[in-house]
There are 2 protein chains.
Amino acid sequence: MHSGEMTKQKDKSKHHHGNLREALVEAGVELLTEGGIPALTLRKCAAKAGVSHAAPAHHFDGVEGLRAAIAGEGFRRFRLAMLNAADKGPQTPRNRLKGICRGYLDFARQEPALFDLIFSFRANSKLIGDLATSSAPSYQVLRDACAPFVPEGTDPVVIETQVWSLIHGYAQLILTGRFGAGSTPDEPVLALLDQIGARPAP
Amino acid sequence: MHSGEMTKQKDKSKHHHGNLREALVEAGVELLTEGGIPALTLRKCAAKAGVSHAAPAHHFDGVEGLRAAIAGEGFRRFRLAMLNAADKGPQTPRNRLKGICRGYLDFARQEPALFDLIFSFRANSKLIGDLATSSAPSYQVLRDACAPFVPEGTDPVVIETQVWSLIHGYAQLILTGRFGAGSTPDEPVLALLDQIGARPAP
DNA sequence: CATAGCATCTTGACAGTGTCAACTCTAGGG
DNA sequence: CCCTAGAGTTGACACTGTCAAGATGCTATG
């Protein structure tokens, strides 16, 4: 922990925090990892950053805007987790795809609240545009890993949908505790990845 | 929907509503379909059922208990959606499995808020026990459809995890608007079901 | 350099939410 | 017939998001 004990030292002047926006996002990430999505509160973020409860309104469009900004940071970490896992082991296309998926699961397990947040926005959200831009780099990582398995002349979205659905569903079901407490057999899902991109059955 | 226009006529006596518990769950489902998860509020449920704001406390353990009870109704409808879709078409094991998955998607698209709710409980929830019992029949439907594809002497959880992860991830990604606005190509996912249960590559 | 503008932050207020305690009412059993 | 326990009400409290109005200090422009 060792962070959060000072709640932002107001060195000299009260006003003009300097980089309040970043501080609020950072505080939000901490609240999220500590207490999950219900703990992510506008007022608590402000308190943790050492400002008054109405200060965030000058940097975000309400609490939804703050959540979107924190999701942006979440997507950044999400992408790094995937790339980090993909860079391990022999760099064959198949192994790299599996690495991306392992990173997907690593992120879901290590930062479950952040994972929840970035996938909590529904299609009808007003911020779906902002989210699309901040999430694009993450999705591109997955797309790139799928590219080698796209048959000539077919739409890449086919393979991407298969891989993404499989790994995302598995991650989601783990987080909702649908596979009992202890056992989380990744093998079935990772094994199915070996079949993806194979020649369709005649 | 011709229901909800009277907000429960208090026929004779104010007290002893009669079946307030069911009325609250019904009101909750309506609120959910009208305004999504954020609209599901204890006080609004009480108002819609025609009782005071503190009445639900005598039937549910706080708002989380109410959400769990509504999720129970959600799981019931979820199971019916899957069974209804599975009963269409020729009753081969493969076609039945696809029907179950089509029902899975039907429910997610037709009742997105209810779908959100039943999968919104995290593994650390205190009600994970209650949820396990109320959701068991739904999951059993999926398990039964997977059974014919489980190779002799192997753990059924392998196939089940593959199928469930695939279809659940796809449903989730649809609801979060990750596949653009209009196009929702179900074919890639349903096609992959044809490969599931096949002999593992030599 | 001075000052006016403006972004930033504070204070105070309000409605909505969940929860608790104390109270009222009704039904049903001794 | 009473009278106890469940069912519902009322009122209060803390917490949340949001808005309006005011205070503050950076900065650009004269």
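# A tour from DNA strand D to the salt bridges

Start by selecting A:H53 together with DNA strand D: a polar side-chain atom of A:H53 sits 3.5 Å from a base oxygen of the strand. That makes a polar contact, meaning a pair of N or O atoms within 3.5 Å; within protein, one must be able to donate a hydrogen and the other to accept it, and residues adjacent in sequence count only if both atoms are side-chain atoms.

Before going on, a word on what is loaded: this is a predicted model, in which local features need pLDDT of at least 70 and side-chain atom pairs count only at pLDDT 80 or more, while totals for chains, interfaces and linings use all residues. Residues are numbered from 1 along each chain as its sequence is written, chains are lettered from A and ligands numbered from 1 in the order in which they are written, and side-chain values use heavy atoms, with hydrogens and water left out.

**Stop 1: around the DNA**

Next, select B:H58. One of its polar side-chain atoms lies 2.5 Å from a base nitrogen of DNA strand D. For a backbone example, move to A:V63, where a backbone N or O atom is 3.0 Å from a phosphate oxygen of DNA strand D. Two elements give two or more residues to the surface near this strand, namely α2 (42-49) and α3 (62-86) of chain A. Helices here are DSSP runs (H or I, at least four residues), as strands are (E, at least two), numbered from the N terminus. Which element gives the largest share of that surface? Colour α2(A), which supplies three residues.

Now widen the selection to everything near DNA strand D, where near means that a heavy atom of the residue lies within 4 Å. You should get 22 residues, the closest being A:R43, B:H17, B:S52, B:H58 and B:H59. On the DNA side, sugar and phosphate make up 46% of the strand D atoms that come within 4 Å of the protein. Colour the surrounding residues by class and you will find seven nonpolar, 12 polar and three charged. Here Ala, Val, Leu, Ile, Met, Phe, Trp, Tyr, Cys and Pro are nonpolar, Asp, Glu, Lys and Arg are charged, and the others, Gly among them, are polar.

**Stop 2: chain A as a whole**

Zoom out to chain A, which has eight helices and zero strands. Of its 202 residues, 46% are buried, on a scale where buried is under 20% relative accessible area, exposed over 50% and partly exposed in between (1.4 Å probe, protein chains only). Among contacts (heavy atoms within 4.5 Å) between residues at least 6 apart in sequence, 66% join residues at least 24 apart.

**Stop 3: salt bridges**

The whole structure holds 22 salt bridges over all chains, each a side-chain nitrogen of Lys or Arg within 4 Å of a carboxyl oxygen of Asp or Glu. Select A:R143 and A:E160, whose closest N and O atoms are 3.8 Å apart. A:R143 belongs to helix α6 (residues 128-146) of chain A and A:E160 to helix α7 (residues 156-175) of chain A, so this pair ties together parts that are 17 residues apart in sequence. A:R143 is partly exposed at 31% relative accessibility, whereas A:E160 is buried at 11%.

Then pick A:R96 and A:D87, a salt bridge with its closest N and O atoms 3.1 Å apart. A:R96 is partly exposed at 27%, and A:D87 is exposed at 53%. In chain B, B:D87 and B:R96 also form a salt bridge, at 3.1 Å.

Finish with A:E73, A:R76, A:R77 and A:E111, which a network of salt bridges links.
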